[in-house]
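Colleague: Hey, can you walk me through this one? I'd like to start with the helices.
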Amino acid sequence: MPSPTPQPAFVLVRPQMGENIGGAARAMWNFGLDRMRVVAPRDGWPNQKAIAMASGAGRLLDEARLCASTDEALEDCHYVFATTARARGLTKPVVTPERAMQMAHEKIAAGEKVAVLFGPERAGLENDDIARANAIINVPVNPEFASLNLAQCVLLTAYEWQRGVSDAAPERVDMAKTEWASHAEMAALQTHYEDRLETAGFFFPPEKAEGMKINLRNMWSRMRLTRADVQMLHGIMRQMVRWKERGD
């Protein structure tokens, strides 16, 4: 059975290649979407090439709603987006995929049913299909090569939907069995290097020594190190000193 999560229906209008239908199913399920509707697929239904391409998302194809027309696919929907890469001469709101999925979240939260239309691979949606939509999703692609593969367009839109439900941080660092070094650990590392560099005569001439030390401390402060990093740098310096002493 489809998941209980409220979500838009993705409607593939007259798709031509089974592989692209399967790829679209995989793209949808990557981002937790499983409401697929297929309108008049060129090569019939079910489609073995779609099943093979869908891989672990084959359930979406089993549960996909087969429709004879765009009207049938949209009969229970309150708001419809149509994806297209080119101007169609129709007066409609035009939004980015990001804004479209923000609107979809708002409308679904208000109890409305939302659908997104995706056109056939060769030429995209026809104006007759787009005329049924409330708004157009226009992807800001390279104008010299604006054609998106069906599964790619589905993936992009599904990703924008998932951004609205995911609490994933925009940026993170995965710590590999360590943690960030504390200020005290960084200060100890700094002192270790200053002392050894002082012994080696690095801070020369004397009148520039203080400025050189400040620059070195500033360098350390710009480096966010883990405890493992600090331990390794201590070890490097100790080994270099041992090597020098053996050479003497």
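Modeller: Sure, a definition to begin with: helices (H or I, at least four residues) and strands (E, at least two) are DSSP runs, numbered from the N terminus. The expected span of a helix is 1.5 Å times one less than its number of residues. This is a predicted model, where local features need pLDDT of at least 70 and side-chain atom pairs count only at pLDDT 80 or more, while totals for chains, interfaces and linings use all residues. Residues are numbered from 1 along each chain as its sequence is written, and side-chain values use heavy atoms, with hydrogens and water left out.

Colleague: Ok, how many residues does H1 have, and what length does it reach?
Modeller: H1 covers residues 18-30, so by that rule for the expected span, its 13 residues should give 18 Å at 1.5 Å a residue. From first C-alpha to last, H1 reaches 18 Å, close to that value.

Colleague: Which residues of H1 are buried?
Modeller: Buried means under 20% relative accessible area, exposed over 50%, and partly exposed in between (1.4 Å probe, protein chains only). In H1 the buried ones are Gly18, Asn20, Ile21, Gly22, Gly23, Ala24, Ala25, Ala27 and Met28.

Colleague: And what do the buried residues of H1 pack against?
Modeller: Strands E1 (9-13) and E2 (36-39), plus helices H2 (48-54), H3 (58-63) and H7 (150-163). Contact here means heavy atoms within 4.5 Å.

Colleague: What about Trp29, buried or exposed?
Modeller: In between: Trp29, which sits in H1, is partly exposed because its relative accessible area is 37%. Leaving out residues up to four places away in sequence, Trp29 touches Asp34, Gly56, Ala57, Arg59 and Leu60.

Colleague: Switching topic, how many disulfides does the structure hold?
Modeller: Zero, where a disulfide is a pair of cysteine sulfur atoms within 2.5 Å. Cys67 is in none, and its nearest cysteine sulfur, that of Cys77, is 9.5 Å away.

Colleague: Why is there no bond for Cys153?
Modeller: Because its sulfur is 17 Å from the closest cysteine sulfur, in Cys77, which is too far. Cys153 also counts as buried, at 10% relative accessibility.

Colleague: Now H8 and H9: at what angle do their axes cross?
Modeller: Roughly 145°, and the axes of H8 (residues 183-199) and H9 (residues 209-222) come within 11 Å. Axes are lines fitted to C-alpha atoms, for helices over the stretch in contact, and angles run from 0 to 180 degrees between N-to-C directions.

Colleague: Which residues make the contact?
Modeller: From H8 there are Met186, Leu189, Gln190, Tyr193, Glu194, Leu197 and Glu198, and from H9 Lys213, Leu216, Arg217 and Trp220.

Colleague: Where is His234 found?
Modeller: In helix H10 (residues 227-247). His234 counts as buried because its relative accessible area is 15%. Apart from neighbours within four places in sequence, His234 is in contact with Ala188, Leu189 and His192.

Colleague: Last topic, the backbone. Which peptide bonds are cis?
Modeller: One joins Trp45 and Pro46, with omega about 0°, and another runs from Phe204 to Pro205, with omega near 0°. Pro46 lies in the loop between E2 and H2, and Pro205 in the loop between H8 and H9. Most residues other than glycine have a negative phi, and most peptide bonds are trans.

Colleague: What phi does Lys177 have?
Modeller: A positive one of about 55°, although Lys177 is not a glycine. Lys177 lies in the loop between H7 and H8, and it is exposed, with a relative accessible area of 90%.
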